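Thank you all for coming. I would like to walk you through one protein structure today, and I will take it piece by piece.

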Amino acid sequence: MPEDTRLDPSRRRLLRYAGSALVLSVTPLSSHAANRPAIIAVRIWPAEDYTRVTLEHDAPLKFNHFTVEGPDRLVVDIEGVEFNSVLESLAGKVADNDPYIKLLRAGRFKPGVVRLVMELKTRVAPQVFSLAPVGEYGHRLVLDVYPENPVDPLMALLEGRKEAVEPLKLDQELAAGKDAKAPAETPTAKRPGKAVVERMVTIMLDPGHGGEDPGAVGKRGTYEKNVTLAIARRLKARIDAEPNMRAVLTRDGDFFVPLQMRVQKARRIQADLFLSIHADAWIKPDARGSSVFVLSEKGASSTQARLLAQKENSADLIGGVNLAKTKDVFLARTLLDLSQTATINDSLKLGKYLLGEIGSINHLHKASVEQAGFAVLKAPDIPSALIETAFISNPEEELRLKDEAYQDQMAEALMRGIRQYFIKHPPGPKARMASIG
Ligand SMILES: [Zn+2]
C-alpha cells in the first residue's frame, strides 16, 4: 500500500469521527520502519451482544490466537509487527463497563512477535479474523468477543412481556374509551376505537449500520448510523405505547450487526414486520427526499434501486463479517428463497402505507415503492421494508435528520403507516416456518 494512502489526513479525520471517543490512537507513525507492518489505529466497540476490538494495520500480517483458563484470557500473537505507541496505549483503554473485557495489553513477547493479552470478565467464544482493505479502511485484524451463552432475543422479549402485562391492560381500556391516548401533536393519526390487533404483534426495527460501519456521512459530520438509531428508538417508544404491539431493535447501541444476523434476529422473535431504517447519500448534494424499498426477486425496479441495494449490502464488508463463520447460514438461506412471493406482496402493501405517510412530512425522492435485492430484507416470512429517511448528503436534509423534531415526525409517520397496515391486514395466528437457527 502506498505511503500517502496510509497517512491520508482526510481518512484519519473520518476514523477519528467514526470511532468518536473510542478511537484510541491515530497518531501518524512517521518513524516506522519500511516493510514492517504497523498497527495504525485501534477501535473498541463494546456492546451486550459482543465486544469488538479492531486493530487497523498498513500491511498484511500473520497472527494466531488461543484462550487460557483461570483467569480467562484471550491471547493473540502477531508476527513481524512493530511495537509502537498505538500498541503501547492499549493498556487501560478498555471501558470499565465493557461487558466482556477486563483488560487489554500488548508487549514484545519474543523477537519479531507482539503478544496481545485480553483479560476477560466471563467465559467467551472469541472469533479472531482479518479483513482486507475496503472503502476508507486499510487491513484490519478483528477480535470479536462473544459471550459463551448469548442472550436469546426471544427469551428477553418474553420476559419483557411478562413485566408489561399490567400497563398493557390499561392501554386497552384507554383505547376502548374516548381515544384518550391519541397524542395531541398527531391530528392526522387514524386511531381506531379499539386495539388495532387482537394478538400481540412484534415489530423488528433495524437501525442501519453501526460500529465499524458508519454508513453515509454528511458534510457536517453527521453519521447515518447515529441518525438511524435515534429514529428507531423514537419509533420503538411509539410502538411500545400501542396496545398489543412491541418493538425490538436489532441493535440498541453503536456496534455492528451483520446483515444476515439482523434477519435472523427478526426470525428468532417471530417478528410480524421488519423495518430497516437508513439515510441516503448521493454524490450530488441536491439529491433529496425520502424513499421506501422492498425486496425484489427478479432484479431491481430501477438503476438507482440496484445501486442503493449494492451500497447497503456492502455494509458487511465495511462493518466486518467473519465470512468463514457465516458460510453455512448463507447456504441455508438459498433454500428458503423459494417461497418469498407472498411476503413481497405484503411488503409492497406495507411500503405503500409507509410512503404515503412519509410523504406528509418530507419530499418523496420516488413516488412509488421501489424494489431491489437488499440482503437485510430477505426474511422469507416477514413483510420487510427499508426506509431511506432523507439524504444525509444534502446539507439541508442532513440538518433535518439531526433535528429531534424531524426524527419525531419521521417516527410518527412510520407509526401511522404501520397502524394502517395492520388495520387493513390484521395479523393471523402465528404460523412460521421452522427456524433456520
Ligand atoms: Zn444505509
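**A walk through the model**

Let me begin with a single pair: asparagine 64 stands opposite aspartate 77, which lies in strand 5. What you are looking at is a predicted model, in which local features need pLDDT of at least 70 and side-chain atom pairs count only at pLDDT 80 or more, while totals for chains, interfaces and linings use all residues. Residues are numbered from 1 along each chain as its sequence is written, and side-chain values use heavy atoms, with hydrogens and water left out.

Strand 4 and strand 5, the latter covering residues 73–79, pair in the antiparallel sense over seven bridges, where pairing asks that DSSP find at least two bridges between two strands. Helices and strands here are DSSP runs numbered from the N terminus, with H or I over at least four residues for a helix and E over at least two for a strand. These two strands belong to an open sheet of four, in the order 4-5-7-6, with antiparallel pairing. Its edges are strand 4 (62–68) and strand 6 (101–110), each of which pairs on one side only, and the twist from one strand to the next averages 15°.

Leading up to strand 6 is a loop that starts from helix 3 (85–88), and serine 89 lies in that loop. Is serine 89 buried or exposed? Serine 89 counts as buried because its relative accessibility is 17%, and buried means under 20% relative accessible area, with exposed over 50% and partly exposed in between, using a 1.4 Å probe and protein chains only. The side chain of serine 89 reaches the backbone oxygen of valine 86 at 2.7 Å.

Now to the metal. Which residues coordinate the zinc ion? They are His209 through NE2, Glu224 through OE, His278 through ND1, and Glu312, which is listed with OE twice, at 2.0 to 2.4 Å. Donors are N, O and S atoms within 2.8 Å of the metal (3.2 Å for Na, K and Ca), and since water is not among the atoms, sites may look incomplete. Along the chain, the donors follow the spacing H-x14-E-x53-H-x33-E. The two histidines link distant parts of the chain, for they are 69 residues apart, with histidine 209 in the loop between strand 10 (201–207) and helix 6 (224–240), and histidine 278 in strand 12 (residues 273–280). Histidine 209 is buried, at a relative accessible area of 6%, and histidine 278 is buried as well, at 5%.

Strand 12 brings us to another open sheet, in which six strands follow the order 11-10-12-15-13-14 with mixed pairing. Strand 11 (245–249) and strand 14 (370–372) are the edges, each pairing on one side only. Strand 12 runs parallel to strand 15 (residues 384–391), and six bridges join them; in strand 15, phenylalanine 391 is the bridge partner of aspartate 280. Helix 7 (residues 259–268) packs on the sheet, touching strand 10 and strand 12, and its direction makes about 165° with that of strand 10. Contact here means heavy atoms within 4.5 Å, and angles run from 0 to 180 degrees between N-to-C directions, the axes being lines fitted to C-alpha atoms, for helices over the stretch in contact.

To close with the whole: the protein has 13 helices and 15 strands, and of its 437 residues, 51% count as buried.

Definitions and conventions
Polar contact = N/O pair within 3.5 Å; in protein donor to acceptor, adjacent residues only side chain to side chain.
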